[in-house]
Structure formats: C-alpha cells, structure tokens
Amino acid sequence: MRIVVLGSSVYSETSCAIAAHLAEQGHAPIGALVFSTLNRRTLLRKLGQWGAREVVRYAQTKFVARGNGKGAELSNPYLRTMLSHGPRLFRSLREIGSVYGFPIVTCRDQNSPASISQLKRWAPDFIIFTGGNILRKQLLDVPRLGVLNIHLGLLPEIRGMSSPEWSLLNRVPVGITIHYMDAGIDTGPILQRFELPDVNRSKSLSDLRYRLIAFGIEKAGEVIAGLDQGTIAATPQASLHSIANQDSQFFVMHERLQAGAAERLANPHQASPVTMVNG
C-alpha cells in the first residue's frame, strides 16, 4: 500500500504517531506533506475547540520539539508508546522519515498546485489526513482509493467540531470513525466506527480527547491492514438514515455547554434536561 501522511506540522504529535505506528506495522508511508510553519488556521481552530490554556501548551510542545527531543513532555501522553524509539521519543516527522526511509515535503497550502503536483508524483493509494486546510476536490481526487480521516465522534450522528463534547452532551456513545473524506463536512463513506472503552476513566475533556486520538490511530492501523487484505469496504452515509439526521452538524461548543459536557463525563448517569441540539 502506498500511503502519504498529510499534516499540519512536521512536529505534530498526531502526524508523527500515525507515521511511526504504520511503519512499525509494515505500512511505512512513502512520504509526508506538511505545513512549513506552525499554521495560524490550525491554532485558531484548536483555540475554539480546546481553549487558550490547552492551545498555549500545544504551541509550547511544538517549539520544545525543535530541540533535541530529550526530556520534553508530550502534549498527548497516550502517544508515548507509539512515539518511543529506543531511549528517546520521535519528536518530528523528519526523524521518523530518516529511520524508515521516506521524504518530508513542506508547503504553505495543501491545496496549492505545487502540493497537488507533489502528491501526484507520489501516486498514493491512500492519503491519511492529520490536520491542515479544508481539502478541495482536486486534492481529494489524487489518491487511488481516497483520503482517510480519523473523526473523533461516531458518524453520522456527530459531525463537525467539538465532537467528544457534543457526544457527551447528547448521550451519543463516545468513539471514533475512520472514513473517506469528500467535499462535505464529515459526510464521506464510513470504513469503521469504534466506541471508546472506559470513557469515564478520562480525567477531563482534554484527557478524553487525547485518549480518543491515540485510540483512533491504533484503529486506523487495523483499518489500513483490512483494506490491504480486502476485508473492509466503505459504507455510504446516505445508507444510514435510520441512525441519525443526515443534516446534523455541530460547531465549536460554548464554554457553558463545555461545562455541561465535563459534568456529564464526571457523572455519566446524572439526569439532565439537555436534548439534542446543533451547535
């Protein structure tokens, strides 16, 4: 399988973890295309989802990672096993590419003609999206089989932003969906959905999100192995009308509602008047 990682930064822990995890499973990427700098749009999106404190911590880990990588804390501690390499941690895609023999190319816009040309030269079967721009059709059409995304919610019930929080608030099981991306927002065909076990072990909403990211990367490895073996096929979301309203899409959650989601995480059986709402 020819796999390319499409990410927001050479220092993205998520991009690094998925590249290292796939490589360990025998599916090393053939290349990675990432932004040349810490992307403003990515930070603004994370600010809306996480809040200022977590974004500052995220940004600090990116700059710390530019050093020797020793002694630096991970933003997401649940990725430590995937990022461990001998006595140290992988802290950049360049380190992983050097070990497993694939190139890292930087860009300012993932949808630019130069980016599209590079992706076409790699001729991937799959692109795995780990963050960045809203992808345009020209890019989505490059890989032979499609662009894969790990969505931190169960589709089609929970589309859009702040997915773990909206799942909690609306009593939808917390989990991840691995799906093909299309021109819509989380509307592409579904490969597999997985509920997160022991959700209430999470100490906070940010801790829950980190657990979901690590869980999603693990399951992505299983899905890619299944695709390689021909044992997994995609299901169009249009065939799942009985599961959820296909027009539901959630947006960044207000702080007051985030507090309600945090309370639901801490006290899952507590009665609440909250009902299904769109953000």
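Which strands does helix H6 (residues 113-122) lie across? Select H6 together with E1, E2, E5 and strand E6 (126-129): the helix lies across these four, running at about 170° to E2. Contact here means heavy atoms within 4.5 Å, and axes are lines fitted to C-alpha atoms, for helices over the stretch in contact, with angles from 0 to 180 degrees between N-to-C directions. Helices (H or I, at least four residues) and strands (E, at least two) are DSSP runs numbered from the N terminus.

The model is predicted: local features need pLDDT of at least 70 and side-chain atom pairs count only at pLDDT 80 or more, while totals for chains, interfaces and linings use all residues. Residues are numbered from 1 along each chain as its sequence is written, and side-chain values use heavy atoms, with hydrogens and water left out.

**The sheet.** Next, display the strands in the order E5-E2-E1-E6-E7-E8-E9, which form an open sheet of 7 strands with mixed pairing. Strands pair if DSSP finds at least two bridges between them. At the edges are E5 (104-107) and E9 (190-195); each has a single partner strand, so one side of each lacks a neighbour in the sheet. On average, neighbouring strands of this sheet are turned by 20° against each other, direction ignored.

**E1 and E2.** Select residues 3-7 (E1) and residues 31-35 (E2), two parallel strands joined by 4 bridges. Val 4 has Gly 31 in E2 as its bridge partner. Then add helix H9 (residues 205-229), which packs on the sheet and touches E1, E6, E7 (146-151), E8 (175-180) and E9. The direction of H9 makes about 40° with that of E8.

**E6, E7 and E8.** Move to E7, where 5 of the 6 residues are buried (under 20% relative accessible area, 1.4 Å probe, protein chains only; exposed is over 50%, partly exposed in between). This strand is therefore largely enclosed by the rest of the structure. E7 pairs with E6 in the parallel sense over 4 bridges, and with E8 in the antiparallel sense over 4 bridges. Select Phe 126 to find its bridge partner in E7, Gly 146; Leu 148 has Tyr 180 in E8 as its partner.

**The aromatic rings.** The whole structure holds 3 aromatic pairs, defined for rings of Phe, Tyr and Trp (its six-membered ring) with centres within 6.5 Å; planes under 30 degrees apart count as stacked, over 60 as edge-to-face and the rest as tilted. Finally, show Phe 126 and Tyr 180, a stacked pair at 6.4 Å centre to centre with 15° between the planes. The pair links distant parts of the chain, from strand E6 to strand E8, 54 residues apart. Both Phe 126 and Tyr 180 are buried.
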